[in-house]
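The following report describes the strand pairing, helix packing and cysteine geometry of one protein chain. Please read it alongside the sequence and the coordinates.

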Amino acid sequence: MATGEIIIGIDPGYAITGYGVIEKCGNKLTMLDCGVISTKPTTQFPDRLLAINTRVAMLIEHYKPKYMAVEELFLGQNKTTAIGTAQARGVVLVEAARANIPVYEFTPGQIKLAVTGYGKADKNQVSQMVVRLLGLKEMPKPDDACDGLAVAICLANTGITYSEKAVSGYQYGRYGKRDWI
């Protein structure tokens with residue numbers, strides 16, 4: 001089994017959740033696994049969330065990660081999609097809590113910066129750097145799997161800091177009042 005720190009990265013979504021599992025030994029990063037958890041639109045929504053939850057629990061049980069990194073929810077134009085994605089993200093966080101794994105969250109810009117050195121890098125630039133940083137022969141497919149790896153790499157490259165730790169009351173404390181610490 002692995003001798004370094006195992007990090008699981010999650011790019012949450014209720015249709016497709018991307019994940020990447022890496023090992024960090026010193027400055028060396030190695031991909032252990034990546035893929036997607038897909039749910040069908042014809043499946044009842046609670047069952048979609050259960051499928052995501054169950055698969056994340058299996059990944060945690062198998063790899064026993066020391067840390068989890070999750071992409072922060074981006075609130076775009078489609079609020080309905082954002083709500084569903086937030087719920088998928090929630091079931092992922094519950095599994096991390098159940099396994100007593102600290103969770104760190106990063107914005108898309110933070111992930112791009114940590115992986116490419118440029119916070120506004122495009123998807124192709126991020127994918128190319130994931131391949132390079134992990135010493136892969138080809139780009140992981142689908143894109144969501146590569147995104148999961150990028151989230152894990154972000155945590156590995158930036159280090160563990162309290163300011164990135166997921167906090168209660170979504171974002172409460174990171175950008176607001178901090179007297180509860």
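Gly20 stands opposite Cys34 of strand β3, and this is a statement about a predicted model, as is everything that follows. The strands concerned, β2 and β3, pair in the antiparallel sense, and ten bridges join them. Two residues lie between these strands in their hairpin, where Gly26 adopts a positive phi near 65°.

The hairpin belongs to an open sheet of five strands, arranged in the order β3-β2-β1-β4-β5, with mixed pairing. Strands β3 and β5 are the edges of this sheet, each pairing on one side only, and from one strand to the next the twist averages 20°. Among the pairings, that of β1 with β4 is parallel and comprises four bridges; within it, Gly9 has Ala69 of β4 as its bridge partner.

Two of the strand pairings can be set out as follows.

| Strand pair | Sense | Bridges |
|---|---|---|
| β2 and β3 | antiparallel | ten |
| β1 and β4 | parallel | four |

Helix α1, which spans residues 45–63, lies across β1, β2, β3 and β4, and its direction makes an angle of about 155° with β3.

A further packing arrangement involves two helices, α3 (residues 108–116) and α4 (residues 123–134), whose axes are 9 Å apart and meet at an angle of about 45°. Because of this angle, α3 is oblique to α4. The crossing in which α3 passes α4 is left-handed. On the α3 side the contact is made by Lys112, Val115 and Thr116, while α4 contributes Gln125, Val126, Met129, Val130 and Leu133. By character, the residues of this contact comprise five nonpolar, two polar and one charged.

What does a search of the whole structure find in the way of disulfides? The search finds zero. For Cys34, the cysteine that faces Gly20 across the β2–β3 pairing, the closest cysteine sulfur is that of Cys146, at 7.6 Å, and the two sulfurs are therefore too far apart for a bond. The cut-off that applies here is 2.5 Å between the sulfur atoms. Seen from the other residue, Cys146 likewise takes part in no disulfide, its nearest cysteine sulfur being that of Cys34.

Notes
Residues numbered from 1 in each chain as written. Predicted model: local features only at pLDDT ≥ 70, side-chain atom pairs only at ≥ 80, totals over all residues. Heavy atoms only, no water. Axes fitted to C-alpha atoms, helices over the stretch in contact; angles between N-to-C directions. Parallel < 35°, antiparallel > 145°, perpendicular 65-115°, else oblique. Left-handed = near helix turned anticlockwise from the far one by under 90°. Contact = heavy atoms within 4.5 Å. Nonpolar A, V, L, I, M, F, W, Y, C, P; charged D, E, K, R; others polar. Pairing = 2+ DSSP bridges.
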